[in-house]
Amino acid sequence: MTAKKSGRAPAKAPPKKPIHLKSKDKASKIEKPGKAKAAPAAAVKPMPKPIPAPAAKAAAPKPAPLPAAKPAPFAPAAKAKKTNGAVRVGVVGCAGRMGQMLLKILINAAGIVVVGGTERRGSPALGQDLGALAGAEPLGISVSDDPSLLFDSADVVVDFTNPIATVSHAQMAAKTGCALVIGTTGFDSDQLSALYRLAQRAPVVLAANMSLGVNLLQQVVEEVARILDPDWDIEIIEMHHKQKVDAPSGTALALGEAAARGRGQSLRRIAKRARDGQVGPRIKGEIGFAVLRGGDVVGDHTVIFAAEGERVEIIHRASSREIFARGALKAVLWAAGKKPGLYSMRDVLGFSVQGPQGSTGPAPPNGPTPAS
Ligand code: NAD
């Protein structure tokens, strides 16, 4: 189970109490982490020796003042701390809508210690305190633009960014053996192939939608599609907030895949992703998509099965991003210490395994979703 090369430890039972990093230890803030030293086989990641707290001001004669140190872009506080078996988690894209929500959930979660967060170069969030970013107590860890340090010090990194950034993060996961939980959507087939390949060297959970409800919906849609004959037309409607950049949503595509699977088909062959102009009558057997954008809608999905004289509609509405962050937390705790491979939310939630979700790309070579 353990990715022995990286010396990562299997997930341990989470302690009862959440562990918060409230260190004001200046030394630990400005020290950059060195590379992990050679780890004993299957041991917990090596921890640097704790750095003694600076002496109280009045206690001793003042040492000569140090040259002004530049504030470190990344304060790997957790590397210098004992984590008591808690899973060390980093968040890339930590200032995004999902990143901030995730931080809030992770900071308060039992069995988790947040060890860092990154943002894209030039982000106004760089240098901000992670806790403050999540509207919580300061953690003494600032937002960095260097993910390599994070992958070096975390057991699991969570990624809700964009496809290009995610593939580069997956490369770092493959290099370090750090587990990666990917919520990003909108991958093209080349990017998906890259993720499948890289997941052979690190545990990767890929899920276009991390909510329990949507994963349940996928099961239901697959089953309904299996039961109803092909005279029933399948259409999928989704609506999201006006800032969303990919369409149809990864969730809509995952629902389409579930429906196609239920019919024993490949979505890529039967998907009708847009209709405009003189498109002619509907082609029997296709699965159609319609996309709406506006306001602050977190995510609505409707799968319609339409026949002559009747219609079945299955709907999921997300009213808070918290459901995705809670799913991501489950995935983090589940992924820590897993063997390399590509996993889905179904693996995490214990549903039957059919393959990764949100994939519109090629089928994983030799089924990279390992038995879990
Ligand atoms: P967002 O734009 O608010 O956040 C993305 C963040 O990533 C931004 O802060 C951006 O600066 C940052 N970023 C970009 N490049 C980066 C890099 N190289 N390194 C570090 N950070 C970088 O978007 P969002 O609404 O939070 O959604 C992010 C992604 O997650 C989208 O693909 C969205 O579709 C997906 N999403 C998935 C789920 C799910 O359950 N799987 C739920 C909601 C959103």
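Of the 23 residues around the ligand, those that come nearest are Arg 97, Met 98, Glu 119, Thr 185 and Met 210. The model is a predicted one, and the account that follows moves outward from this ligand to the pocket around it and then to a peptide bond in a loop.

Taken by residue class, the shell around the ligand divides into 8 nonpolar, 10 polar and 5 charged residues. Among the secondary-structure elements, H2 and H5 each supply at least two residues of this shell; helix H2 spans 97–107 and helix H5 spans 163–176.

Three polar contacts can be followed atom by atom. Met 98, which is among the residues that come nearest to the ligand, places a backbone N or O atom 2.8 Å from an oxygen atom of the ligand. Glu 119, also listed among those residues, approaches through its side chain, where an N or O atom is 2.6 Å from a ligand oxygen atom. A nitrogen atom of the ligand, in turn, lies 3.0 Å from a backbone N or O atom of Gly 183. On its own the ligand has 860 Å² of accessible area, and the protein covers 80% of this.

Where does the ligand sit? Its place is the largest pocket of the model, which has a volume of about 1,100 Å³. The lining of this pocket is made up of 42 residues, and those that lie nearest its centre are Arg 97, Met 98, Phe 160, Thr 161 and Asn 162. Arg 97 and Met 98 have thus appeared in two settings, since they are named among the residues nearest the ligand and also among those nearest the centre of the pocket.

Several elements contribute to the lining: helices H2, H5 and H8 (250–262), together with strands E9 (299–307) and E10 (310–318), each supply at least two residues. Helix H5 gives the most, with 4 residues. By class, the lining of the largest pocket comprises 13 nonpolar, 21 polar and 8 charged residues.

Helix H8, one of the elements that line the pocket, also leads to a local backbone feature. The loop between strand E6 (233–240) and H8 contains Pro 248, and the peptide bond that joins Ala 247 to Pro 248 is cis, with an omega of about -10°. As a general background to this feature, most peptide bonds are trans.

Definitions and conventions. Residues are numbered from 1 along each chain as its sequence is written. This is a predicted model: local features need pLDDT of at least 70, side-chain atom pairs count only at pLDDT 80 or more; totals for chains, interfaces and linings use all residues. Side-chain values use heavy atoms; hydrogens and water are left out. On a 1 Å grid over the protein atoms alone, a cavity is a set of points where a 1.4 Å probe fits but cannot get out, and a pocket is an open set with protein on both sides within 12 Å along at least five of seven lines; lining residues have an atom within 4 Å of a point. Grid points are joined across faces, edges and corners, and a volume is the space filled by probe spheres set on the points. Ala, Val, Leu, Ile, Met, Phe, Trp, Tyr, Cys and Pro count as nonpolar, Asp, Glu, Lys and Arg as charged, and the others, Gly among them, as polar. A residue is near a molecule or strand if one of its heavy atoms lies within 4 Å of it. A polar contact is a pair of N or O atoms within 3.5 Å; within protein, one must be able to donate a hydrogen and the other to accept it, and residues adjacent in sequence count only if both atoms are side-chain atoms. Accessible areas come from the Shrake-Rupley method with a 1.4 Å probe; for residues, only the protein chains shown count as cover. A molecule sits in a cavity or pocket if more than half of its atoms lie within 2 Å of its grid points.
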